[in-house]
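Me: I would like a close look at a single part of this structure. Please set out, in one connected account, the contacts made there and the surroundings into which they fit.

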Amino acid sequence: MTRGTISNRIRTLRFLNGEMSQAELGQRIGVTRQTIAAIEAGKYSPSLEAAFRIAEVFQVPLEEAFQWETKPPTAAPGTA
């Protein structure tokens, strides 16, 4: 199985949209400021619904707000 991580451009998009605060974005999509901060920091992956709502707020495609970065599978120790 290929492993990956979700990265995002939320902070940049907030800055480009009048320096929107985390609290304002959270209010617009129905989550807390702390949730937005955790998503931005990569400590929490948003639900699919939250990801679509964030993209909708900034009027960008989902792929512009979030990216899936794959990592090659690693071999188990001693199997190489």
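Reply: Gln22 makes contact with Arg14, Arg33, Ile36, Ala37 and Glu40, leaving aside residues up to four places away in sequence. The model is a predicted one, and every value below is computed from it. Gln22 belongs to helix α2, which covers residues 22–29. With a relative accessibility of 17%, Gln22 counts as buried, because the limit for that class is under 20%.

The contacts of Gln22 with Arg33, Ile36, Ala37 and Glu40 form part of the packing of two helices. On the α2 side, Gln22, Ala23, Leu25, Gly26 and Ile29 take part, and they meet Arg33, Ile36, Ala37 and Glu40 of α3. By class, this contact comprises five nonpolar, two polar and two charged residues. The axes of α2 and α3 are 8 Å apart, and the helices pack at an angle of about 105°. The two helices are therefore roughly perpendicular to each other, since angles of 65 to 115 degrees are assigned to that class.

Arg14, a further contact of Gln22, leads to another helix. Arg14 is located in α1, which spans residues 10–16. Not counting residues up to four places away in sequence, Arg14 touches Glu19, Met20, Ser21, Gln22, Leu25, Glu40 and Phe58. Gln22 and Leu25 in this list also take part in the contact of α2 with α3.

Glu40 is touched both by Gln22 and by Arg14. The side chains of Arg14 and Glu40 form a salt bridge, with an N to O distance of 2.5 Å. Arg14 is in helix α1 and Glu40 in helix α3 (residues 33–40), so this pair ties together parts that are 26 residues apart in sequence. Both partners count as buried: Arg14 has a relative accessible area of 11%, and Glu40 has a relative accessibility of 18%.

The salt bridge of Arg14 and Glu40 belongs to a set of four in the structure. Another joins the side chains of Arg9 and Glu64, at 3.7 Å from N to O. Arg9 lies in the loop between β1 (3–8) and α1, whereas Glu64 lies in helix α5 (residues 62–65), so the pair ties together parts that are 55 residues apart in sequence. Arg9 is partly exposed, at a relative accessible area of 29%, and Glu64 is partly exposed as well, at 35%.

A salt bridge within one helix is made by the side chains of Glu49 and Arg53, with 2.5 Å from N to O. Glu49 and Arg53 are both in helix α4 (residues 48–58), four residues apart, or about one turn of the helix. Glu49 counts as partly exposed at 47% relative accessibility, and Arg53 counts as partly exposed at 35%.

The backbone adds a further detail to the surroundings of Arg14. Glu19, one of the residues that Arg14 touches, has a positive phi of about 55° although it is not a glycine. Glu19 is placed in the loop between α1 and α2, and it counts as exposed, with 57% relative accessibility. Gln59, in the loop between α4 and α5, likewise has a positive phi, near 55°, in a residue other than glycine. Gln59 is exposed, with a relative accessible area of 73%.

Conventions
Residues numbered from 1 in each chain as written. Predicted model: local features only at pLDDT ≥ 70, side-chain atom pairs only at ≥ 80, totals over all residues. Heavy atoms only, no water. Contact = heavy atoms within 4.5 Å. Buried < 20%, exposed > 50% of the residue type's maximum accessible area, 1.4 Å probe, protein only. Axes fitted to C-alpha atoms, helices over the stretch in contact; angles between N-to-C directions. Parallel < 35°, antiparallel > 145°, perpendicular 65-115°, else oblique. Nonpolar A, V, L, I, M, F, W, Y, C, P; charged D, E, K, R; others polar.
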